[in-house]
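Grab your viewer and work through these short exercises. Each one comes with a solution you can follow step by step.

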Amino acid sequence: MQNGDSKKKFDFDALLRDNIRKLKPYRCARDDYQNGVLLDANENLYGPPVDFTKMKLPPFNCYPDPHQAKLKKLYADWRKVDADQIFVGVGSDEAIDMLMRMVCVPAKDSILICPPTYGMYKVSSAVNDLKVISVPLTEDFQIRPKEILKAVNDTTKLIWLCSPNNPTANDIDEKLIVEVLESDFKGLVVVDEAYVDFSPRGSLAPWTKKYPQLVVLQTFSKSWGLAGVRCGVAISSPDVVGYMNRIKAPYNMNVITSKVVRECLENLPKMLQTVEEIKKEKKRVKAALEAIPHVIKVFPSSSNFFLFRVKSHSKEIYRTIAESGVVIRYRGDNYGCSECLRATVGRPEDNDAFLKKFKEVIAKVVKA
């Protein structure tokens with residue numbers, strides 16, 4: 001173009017897919033507050049079972065193992081499945097998105113979720129231009145198999161269940177999951193088990209040998225204390241996992257993440273010891289919360305966090321306690337969670353700080 005000629009305006013918005021233009025991104029804990037006692041993201045504040053401060057770094061000049069055979073073998077042995085049933089990726093979120101891309105046709109197919117539940121299912125469905133069918137949980141946060149099976153149709157390729165559920169913290173009754181698995185539904189049934197190591201029921205991973213349509217998602221972000229390395233796992237039939245491995249980027253698992261995760265898997269007893277310490281603290285925090293008059297209910301928890309309901313002013317309490325240095329999560333805008341807050345169970349000093357500030361803030365906000 002010669003000097004003096006007017007430049008044509010580049011209209012990037014016109015290139016965007018309509019569903020992307022309308023996308024509401026996932027709102028994570030760090031979008032709101034970054035400093036203080038952070039009890040809003042359900043992380044393991046005790047940290048991983050291995051001290052990596054003096055870790056010898058692997059060489060960076062070569063690509064990582066695209067198959068992650070050693071990692072998968074260690075994980076499969078722990079979960080009592082076969083190595084060819086294991087997919088590893090960048091957190092559980094890679095598997096969530098991949099499952100949708102693998103079996104769903106954009107602008108045609110649908111998924112089913114049971115709110116209140118993990119927000120990424122809905123975000124990933126929007127990215128992939130899929131319709132979302134919602135069948136809410138019961139008042140005690142259990143799934144409703146009959147209603148689920150009535151709601152699905154020929155376009156529904158995935159049913160998403162979360163157990164223990166986020167944000168409600170409870171286990172989904174296994175009998176209800178079986179009812180869905182043994183139905184005539186022809187799609188995949190996904191059970192997200194991010195918090196399963198805190199649950200008394202144990203993982204459903206061995207069920208994948210009986211139910212080839214079952215996909216179990218797990219993560220190293222919670223019980224393992226490795227949220228920062230971003231490693232998630234999908235466990236399913238070899239057919240399902242085989243196609244996931246075809247779709248993934250060749251080197252989706254970097255060498256540092258792989259080394260850290262493998263070393264942690266070789267220190268399983270230490271992780272389990274930390275989980276028991278968190279459970280012990282959970283009992284103490286639960287009793288303390290239930291003794292606070294402004295707390296109406298502390299819901300049952302099989303996770304490393306609590307959902308609890310206050311009489312009033314939940315949002316003001318959330319904001320005020322965060323501004324005073326202790327960050328929990330507001331969940332009052334989730335289905336069935338009016339006036340609810342969510343708090344991670346941290347170390348004793350974290351929990352003490354939370355309980356102290358919580359009482360002070362209630363006294364300040366409720367009387368104001």
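**Exercise 1: the second largest pocket**

The second largest pocket holds about 560 Å³ of space. Keep in mind that this is a predicted model. Task: work out which residues lie nearest the centre of this pocket, and which element gives the largest share of its lining.

Solution.
- Start with the lining, which has 25 residues.
- Go to the centre: Tyr26, Ala41, Tyr118, Lys222 and Arg230 lie nearest to it.
- Now sort by element: α4 gives the largest share, three residues.
- Finish with classes: 10 nonpolar, six polar and nine charged residues.

**Exercise 2: the largest pocket**

Task: find the element that gives the most to the lining of the largest pocket, then see what its buried side packs against.

Solution.
- The largest pocket has about 940 Å³ of space.
- Its lining counts 32 residues, and the closest to the centre are Tyr26, Arg27, Gly119, Asp333 and Asn334.
- Two or more lining residues come from each of α5, β4, α11 and β12.
- The top contributor is α5, with five residues.
- The buried residues of α5 (residues 120–127) are Met120, Tyr121, Val123, Ser124 and Ser125.
- Those buried residues pack against α4 (91–103), β3 (110–113), β4 (131–134), β5 and β6 (188–192).
- After α5 comes aspartate 129, with a positive phi near 60°.
- As for classes, the pocket lining splits into 15 nonpolar, six polar and 11 charged residues.

**Exercise 3: threonine 168**

Task: decide whether threonine 168 counts as buried or exposed, and say which side chains it joins in polar contacts.

Solution.
- Place it first: threonine 168 is in the loop between β5 (156–162) and α7 (174–181).
- Its relative accessibility is 0%, so threonine 168 counts as buried, the cut-off being under 20%.
- Its side chain makes a polar contact of 2.9 Å with the side chain of asparagine 165, and another of 2.5 Å with that of asparagine 170.
- Beyond four places in sequence, threonine 168 is in contact with Pro116, Phe141, Phe299, Pro300, Phe305 and Leu307.

**Exercise 4: the cavity**

Task: how many cavities of 30 Å³ or more are there, and what lines the largest cavity?

Solution.
- The count is one cavity of 30 Å³ or more.
- The volume of the largest cavity is about 50 Å³.
- Its lining is made of Cys114, Thr117, Leu137, Ile143, Trp160, Leu161, Cys162, Asn165 and Ile172.
- By class, that gives seven nonpolar, two polar and no charged residues.
- One link back: Asn165 lines this cavity, and its side chain is also joined to that of threonine 168 by the 2.9 Å polar contact.

Definitions and conventions:
Residues numbered from 1 in each chain as written. Predicted model: local features only at pLDDT ≥ 70, side-chain atom pairs only at ≥ 80, totals over all residues. Heavy atoms only, no water. Helix = DSSP H or I, 4+ residues; strand = E, 2+ residues; numbered from the N terminus. Buried < 20%, exposed > 50% of the residue type's maximum accessible area, 1.4 Å probe, protein only. Polar contact = N/O pair within 3.5 Å; in protein donor to acceptor, adjacent residues only side chain to side chain. Contact = heavy atoms within 4.5 Å. 1 Å grid on protein atoms, 1.4 Å probe; cavity = no way out; pocket = protein on both sides within 12 Å on 5 of 7 lines; lining within 4 Å. Points joined across faces, edges and corners; volume = space filled by probe spheres on them. Nonpolar A, V, L, I, M, F, W, Y, C, P; charged D, E, K, R; others polar.
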